[in-house]
Amino acid sequence: MVLINECKHNNIKSMCGIVGYIGTRQAFPVLIKGLKRLEYRGYDSTGVALVSTNAMLNVYKEEGKVANLEANVANRDLGGTIGIAHTRWATHGIPSSTNAHPHVSQSGKLALVHNGIIENYSLIKERLLKLGFVFKSETDTEVLVQFIEYVKETHGVDTVTAVRLALNQVIGAYAIVLVDKEAPEQVIAARKSSPLVIGLGEGNREFFIASDATPLVEYTQNVVYLNDGEIAVLKRGEEMQICNLKNEAIDLDVQSIEMNIGLLEKGGYPHFMLKEIYEQAQAMKDCMRGRLLEKEKRVVLSAVCNHSERLLNAKRIIIVSCGTSWHAGLIGKQLIETFVKVPVEVEYASEFRYRNPVINKEDVVIAISQSGETADTLAAISLAKERGAFIFGIVNAVGSSIARTTDTGTYIHVGPEIGVASTKAFTGQLTVLIMLALCLGKERGILSEVEYEEIVTELAAIPDKIEHSLACNEKVADLAKSFTYARNFLYLGRGYNFPVALEGALKLKEISYIHAEGYPAAEMKHGPIALVDTEMPVVVIATHHQLYEKILSNIQEVKARKGRILAIVTEGDEGVRDLVDNVIETPPTLACLSPLLTVIPLQLLAYHVAVIKGLDVDQPRNLAKSVTVE
Ligand code: F6R
């Protein structure tokens, strides 16, 4: 049966969080708690479907966040030990309760949650409409569930077979979880290009399904990551079965995960973002543990040891990433070019993947990603792989798609980052890039023993200096009050601190919705200086490093145009203080390590401006943490 014609496959994916449960507990609390953990993936509408003991399918959906759904269904029938749930980031159709998942088939028997985009959904829908199917929502997901039901009825097959046959005709990306009220003892899950992980309860008494491991860790450490084209059938009390789209059985690959649940809670902080800013000293220690050997003054990265030949023979390194991770990449370029003397290009993954780049077999591609699920970065990796490059991943989320796709890599190990605006992941990425550049620079003989040991020793001291930097929090909070009027901000920096200026501007934009631009300080005179007036706050990173004198001149240029200047300076600095309106001090360190300290006040500034403006710091509008849409 071929119902659908070919349509262009462009590998689009979407965000959203999925949770599913089958077991002995009441499903609803498990699902709601899981959705809250996944809300970072999208939060414009929410829904659950519960299969009750008398095989009723109760579906509840609301526009808005999970808490909204929870409050609005408190008096409804929430019984049932099987259920699926979803938190959405809209792609097809506006955020509304009608477009929210789960979507239910025409007969009311099947309910489906979906993360991804069915690219040929309009062709399927057209055909189903002709056959008399009626659609309530604008979503591709409703088309999929109707299609599964259509296949089930026309072929007279069971639900698992219908899912498999239907998915064989679907083009696009999906992670789906489906329940059938007529087969109330099973949950079906499948994936292609969108992540799905299944947690195994003891004795197969229960199974937890989610878009990532964070909702599972409080119940089990044993998980199975579904691979592309796999379908899992979960039945209470039976071993889980996995098959592929050709109906061939797949062996279970059970992995063990460890995660500190405390890291998934706010722990007394008003927001995850503030907590994560404060966690940076500890996160950096965790990132360096076992890798930076302080006594021996050595850095050891197993990925470098295991692949030293390939890495050291690289003629060129290309860094691909997006957003904050791209800013880390820009600093990585300076580190690697200085310590290793290999040319480095830093590319937006989204541009790289589409511009037919020149990639050689000797190239090493470094992919940087906190979530490990960013669609553009994944696509850039697969392009580079196709052309024979060696891929090194710098990832936070253990077991994520990028971590599993790369040839080797180094986890940043900063713990889960929940606040949508990235903070501790940035400092973690920088830490790994510094360690990587140190290892390669030493091996290549570019860094002298003295330089190497000096940097290693200072790197080990940075967590304490981050702790010390955080003492500026109150001052920054106070200053932030006088900045909430601003409609634009300029951030300036040079050398290693130019990407920090970009990062400071991005943080402010994302969570305070104030337009901000980062510029290399000297570039300002080539255009942006026209914007400077008494209304324009200008944040300048003016620490005692490369080009300090030049930055003083750039500050003078802003001052002459009456711009309001906040400078990030080195403790004890006297040169800048009299020229600017406010200063925030950071501890002295080496230029190459300074971004680890200068970024702290900029993260705090963005945070406090947004809090004072009464905005949702952890879940800013229109954003989601894991950008699996292209
Ligand atoms: C900014 C931010 C984003 C991400 C970008 C890449 O605060 O979080 O710009 O850095 O979406 O995400 P990852 O690192 O998960 O690939």
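Helices here are DSSP runs of H or I with at least four residues, strands are DSSP runs of E with at least two, and both are numbered from the N terminus. The views below show a predicted model.

**Figure 1. The whole protein chain, with its 19 helices and 27 strands**. Along its principal axes, the C-alpha trace of the protein chain spans about 80 × 55 × 45 Å. The radius of gyration of the protein chain is 26 Å, which agrees with the value near 25 Å that a compact globule would have with 630 residues. The close-up views that follow turn to the ligand, the open and enclosed spaces, and two points of backbone geometry.

**Figure 2. The shell of 15 residues that surrounds the ligand**. The closest residues of this shell are Ser-325, Ser-369, Gln-370, Ser-371 and Thr-374. By class, the shell around the ligand holds five nonpolar, eight polar and two charged residues. Three polar contacts can be followed in this view, beginning with the backbone of Thr-324, where a polar atom is 3.1 Å from an oxygen atom of the ligand. In the side chain of Ser-371, which is also listed among the closest residues, an N or O atom is 2.6 Å from an oxygen atom of the ligand. In the side chain of Glu-510, an N or O atom is found 2.7 Å from an oxygen atom of the ligand. On its own the ligand has 400 Å² of accessible area, and the protein covers 90% of that area. Two or more residues of the shell come from each of the elements α10 (323-339) and α17 (498-512).

**Figure 3. The largest pocket, which holds about 800 Å³ of space**. Its lining is made up of 39 residues, and those that lie nearest the centre of the pocket are Met-259, Asn-396, Ala-397, Val-398 and Pro-416. At least two lining residues are supplied by each of α7 (280-288) and α13 (401-405), and the largest share, three residues, comes from α7. When the lining of the largest pocket is divided by class, it contains 15 nonpolar, 13 polar and 11 charged residues.

**Figure 4. The largest of the three cavities of 30 Å³ or more in the structure**. About 70 Å³ of space lies in this largest cavity, and 12 residues line it, with Arg-88, Thr-91, His-101, Asp-140 and Thr-141 nearest its centre. The elements β6 (110-118) and α4 (140-155) each give at least two residues to this lining. The lining of the largest cavity comprises two nonpolar, eight polar and two charged residues.

**Figure 5. The second largest cavity, with a volume of about 50 Å³**. The residues that line this cavity are Gly-493, Arg-494, Asn-497, Ile-541, Thr-543, His-545, Gln-546 and Ile-551. Divided by class, this lining has two nonpolar residues, five polar residues and one charged residue.

**Figure 6. The cis peptide bond from His-101 to Pro-102**. The omega angle of this bond is near 0 degrees. Pro-102 is placed in the loop between β4 (82-88) and β5 (103-104). His-101, on the other side of the bond, also appears in Figure 4, where it is one of the lining residues that lie nearest the centre of the largest cavity.

**Figure 7. Lys-341, a residue with a positive phi**. The phi of Lys-341 is about 60 degrees, although this residue is not a glycine. Lys-341 is found in the loop between α10 and β19 (344-348). The helix α10 is also shown in Figure 2, as one of the elements that give two or more residues to the shell around the ligand.

Conventions: Residues are numbered from 1 along each chain as its sequence is written. Side-chain values use heavy atoms; hydrogens and water are left out. A residue is near a molecule or strand if one of its heavy atoms lies within 4 Å of it. A polar contact is a pair of N or O atoms within 3.5 Å; within protein, one must be able to donate a hydrogen and the other to accept it, and residues adjacent in sequence count only if both atoms are side-chain atoms. Accessible areas come from the Shrake-Rupley method with a 1.4 Å probe; for residues, only the protein chains shown count as cover. Ala, Val, Leu, Ile, Met, Phe, Trp, Tyr, Cys and Pro count as nonpolar, Asp, Glu, Lys and Arg as charged, and the others, Gly among them, as polar. On a 1 Å grid over the protein atoms alone, a cavity is a set of points where a 1.4 Å probe fits but cannot get out, and a pocket is an open set with protein on both sides within 12 Å along at least five of seven lines; lining residues have an atom within 4 Å of a point. Grid points are joined across faces, edges and corners, and a volume is the space filled by probe spheres set on the points. The radius of gyration is taken over C-alpha atoms; the globule rule is 2.2 Å times the number of residues to the power 0.38.
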